[in-house]
Amino acid sequence: MIFSTVEQPDIVTLKGVLPASLEVFGCSGSVGDPGNGTSCFLLNQDVLIDAGSGVMAMNTAQMSKINHVLLTHTHLDHVSGLPFLVESRQHSQASPLYVYAQQKTIDVLRQHVFNDLIWPDFTAIPSTESPALKFVTIQPHVELMLGGAILIPFAVNHSVPTLGFVIKSSSGVLAISSDTYLTDELSQVLNSMVQVDHLIIESSFSNKDKKLSELTLHLCPSLLATQLNKLDTCRNVWVSYLKEWDRIQTEREIEDLEFNFPLKLLRQGQTIRF
Ligand SMILES: Nc1ncnc2c1ncn2[C@@H]1O[C@@H]2COP(=O)(O)O[C@H]2[C@H]1O
């Protein structure tokens, strides 16, 4: 696997890379559990990965510390909290909130959300010279260094253009699949790493909805097993994005899967240190 801008780094010696914490503010695949919002992960208090309804579990102090948001894709369960975050944060921060996403994702957000109809265009508020929101285009395999970590986007297989992220800290590697159906890209990226400490991967539906998983490009436990069998190794696999209306059955089917690495269910409120 080839990465541009930074060669496969010796992460311990890279200046500015720190130990990392990832706080889970939301990892559900739907609404229905007031204690578990949709996709929202806070890296080192500074970088938000996705801004789904999990943003609603943040207080203003936590929101004011966020300087960067990386979006995996445009679906509402991954962006619905972004308009509220931008609006709130501008009252405590003069610097813009930088939102990183693929160009197609940015185009959709500009056209359909920050269009002065659904929500104000904060790329021109309070002024175009000094806005509350700035979009930054990112591409698969072009690394970023933010919040004391290296972030590597990679493309996954969903119904709209979607990125997963590998996050490298000074002491470990964590990957987030975002929403995806079966994908070779995920396993190729992870198998190219010396060690993967944590993988957050989805299983939206239960096995009875395998056809719906295929239609909507998601995983269910049997498809998750196929996907995980492509992985050489991973220290901890965290399963996320379960749809709340079928959580109990989906959890049961996940618990029945057997691998030689631990499979755990991710919940809002957890912090993963790596
Ligand atoms: N054809 C469909 N039938 C039923 N539900 C759908 C269909 N297409 C999309 N969805 C749902 O809409 C959701 C949009 O976000 P997700 O991709 O997370 O998950 C998707 C499904 O739960």
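Two strands are said to pair if DSSP finds at least two bridges between them, and the strands themselves, at least two residues of type E, are DSSP runs numbered from the N terminus, as are the helices, which are runs of H or I with at least four residues. With that in hand we can begin at strand 1, where 2 bridges join this strand to strand 2 (residues 37–38), the two running parallel.

Before I go on, please keep in mind that this is a predicted model, in which local features need pLDDT of at least 70 and side-chain atom pairs count only at pLDDT 80 or more, while totals for chains, interfaces and linings use all residues. Residues are numbered from 1 along each chain as its sequence is written, and side-chain values use heavy atoms, with hydrogens and water left out.

Let me stay with strand 1 for a moment. In strand 2, the residue that serves as bridge partner of S28 is T38. Strand 1 also has 4 bridges to strand 3 (residues 40–43), and here the strands run antiparallel; E23, for instance, stands opposite L42 of strand 3. Then there is strand 15 (residues 271–273), which pairs with strand 1 over 3 bridges, again in the antiparallel sense, and in that strand the bridge partner of E23 is T271.

Is strand 1 buried or exposed? A residue is called buried at under 20% relative accessible area, exposed at over 50%, and partly exposed in between, with a 1.4 Å probe and protein chains only. For strand 1, which covers residues 21–28, 8 of the 8 residues are buried, so the strand is largely enclosed by the rest of the structure.

Now let us step back to the whole chain, whose secondary structure comes to 8 helices and 15 strands. The radius of gyration, which is taken over C-alpha atoms and set against a globule rule of 2.2 Å times the number of residues to the power 0.38, is 18 Å here, close to the 19 Å that the rule gives for 274 residues, so the chain is as compact as a globular protein of that length. Along its principal axes the C-alpha trace spans about 55 × 45 × 30 Å, and buried residues make up 57% of the 274 residues.

Next comes the ligand. Which residues are around the ligand? If we count a residue as near when one of its heavy atoms lies within 4 Å of the molecule, the residues around the ligand are H75, D77, H158, D179, F205, L212, L215, T216, H218 and K243. If Ala, Val, Leu, Ile, Met, Phe, Trp, Tyr, Cys and Pro count as nonpolar, Asp, Glu, Lys and Arg as charged, and the others, Gly among them, as polar, this shell has 3 nonpolar, 4 polar and 3 charged residues. Helix 6 (residues 210–216) gives the most to the shell, with 3 residues.

One residue of that helix is T216, which is partly exposed, with a relative accessible area of 25%. T216 and F205 are 11 residues apart in sequence, and their C-alpha atoms are 10 Å apart in space.

For polar contacts, the rule is a pair of N or O atoms within 3.5 Å; within protein, one must be able to donate a hydrogen and the other to accept it, and residues adjacent in sequence count only if both atoms are side-chain atoms. An oxygen atom of the ligand is 2.7 Å from an N or O atom in the side chain of H218, the corresponding distance for the side chain of D77 is 3.2 Å, and a polar side-chain atom of K243 lies 2.9 Å from a ligand oxygen. Taken alone the ligand exposes 460 Å², of which the protein buries 54%, with areas from the Shrake-Rupley method and a 1.4 Å probe, and, for residues, only the protein chains shown counting as cover.

I will finish with the backbone. Most residues other than glycine have a negative phi, and most peptide bonds are trans. Q45, although not a glycine, has a positive phi of about 65 degrees; Q45 sits in the loop between strand 3 and strand 4 (47–49). Y241 likewise has a positive phi of about 65 degrees, and Y241 is buried, at 2% relative accessible area. Finally, a cis peptide bond joins I125 and P126, with omega about 0 degrees.
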